[in-house]
Amino acid sequence: MKAANDVSGRCLCGAVTLQLALASLDVDSCHCSMCRRWSGGPCFALEHEGPVIVTGEDHINIYHSSEWADRAFCKTCGTSLYWRLRGSDYYTISAGLFDAATDYHFKKQIFIDEKPAFYDFANDTEKLTGAEVIAAFAAGASES
Ligand SMILES: [Zn+2]
Ligand SMILES: [Zn+2]
């Protein structure tokens, strides 16, 4: 296991805070059409598997965005909080919630095949298509 990074983040209005120990500060960006609608653009998120300490839980609304995943947001200010594989402790947590941003490393871009043509990130990152992401997920699920 890599060293844990204890971070705490919050939504725009501060009604919801999240505390967790990240395995790394690698940030991924997702270009899929759902994330772009959810966050207003490509979303930046940190992968996390494990417990999340939430305060202000009654301010969170959960949107069942697909058969296998939920997306959480603050009812008061609308901040996109996290995407969660339903029934698991696997999350991708919005990178913008945390002040640790100076230490982030932009690692990969996913659903690159759904990226609109009007923007391109200059960062040199891994790039995965939607099909590659789903295949990697399926492989990971059968290992555990
Ligand atoms: Zn809020
Ligand atoms: Zn996405």
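In which strand does Tyr90 lie? I looked this up in a predicted model, and Tyr90 belongs to strand β9, which covers residues 90–94.

**Entry: Tyr90**

I checked whether Tyr90 is buried or exposed. Its relative accessible area is 13%, and because buried means under 20%, Tyr90 counts as buried.

I then listed what Tyr90 touches, leaving out residues up to four places away in sequence. The list holds Glu47, His48 and Glu49, then Trp83, Arg84 and Leu85, and also Phe137.

I took one of these partners, Glu47, for a distance. Glu47 and Tyr90 are 43 residues apart along the chain, and their C-alpha atoms are separated by 7.7 Å.

**Entry: the zinc ion**

Which residues coordinate the zinc ion (ligand 2)? I found Cys30, Cys32 and Cys35, each through its SG atom, at 2.1 to 2.3 Å. Along the chain, the donors of this ion follow the spacing C-x1-C-x2-C.

I looked up the accessibility of two of these cysteines. Cys30 has a relative accessible area of 8%, so it is buried. Cys35 is at 6% relative accessibility and therefore counts as buried too.

**Entry: secondary structure**

How many helices and strands does the protein have? I noted two helices and eleven strands. I wrote down their order along the sequence as β-β-β-α-β-β-β-β-β-β-β-β-α. In that pattern, three strands come before a helix, and a helix ends the series.

**Entry: overall dimensions**

I compared the radius of gyration with the rule for a compact globule. For 144 residues the rule gives a value near 15 Å; the protein has 15 Å, so the two agree. Taken along the principal axes, the box filled by the C-alpha atoms is roughly 35 × 35 × 35 Å.

I also looked up burial for the whole protein: 40% of the 144 residues count as buried.

For contacts, I looked at those with a separation of 6 or more. Residues 24 or more positions apart make up 49% of them.

**Entry: surface and charge**

I noted an accessible surface of about 8500 Å² for the protein. Carbon and sulfur atoms hold 53% of that surface.

How far apart are the mean positions of the positive and negative charges? The protein has 12 positive and 19 negative charges, and I found their mean positions to be 6 Å apart.

Terms used: Residues numbered from 1 in each chain as written. Chains lettered and ligands numbered in written order. Predicted model: local features only at pLDDT ≥ 70, side-chain atom pairs only at ≥ 80, totals over all residues. Heavy atoms only, no water. Donors = N, O, S within 2.8 Å, 3.2 Å for Na, K, Ca; no water. Buried < 20%, exposed > 50% of the residue type's maximum accessible area, 1.4 Å probe, protein only. Helix = DSSP H or I, 4+ residues; strand = E, 2+ residues; numbered from the N terminus. Rg over C-alpha atoms; globule rule 2.2 N^0.38 Å. Contact = heavy atoms within 4.5 Å. Areas by Shrake-Rupley, 256 points an atom, 1.4 Å probe, with all protein chains shown as cover. Lys, Arg positive; Asp, Glu negative; His and termini not counted. Charge placed at Lys NZ, Arg CZ, Asp CG, Glu CD.
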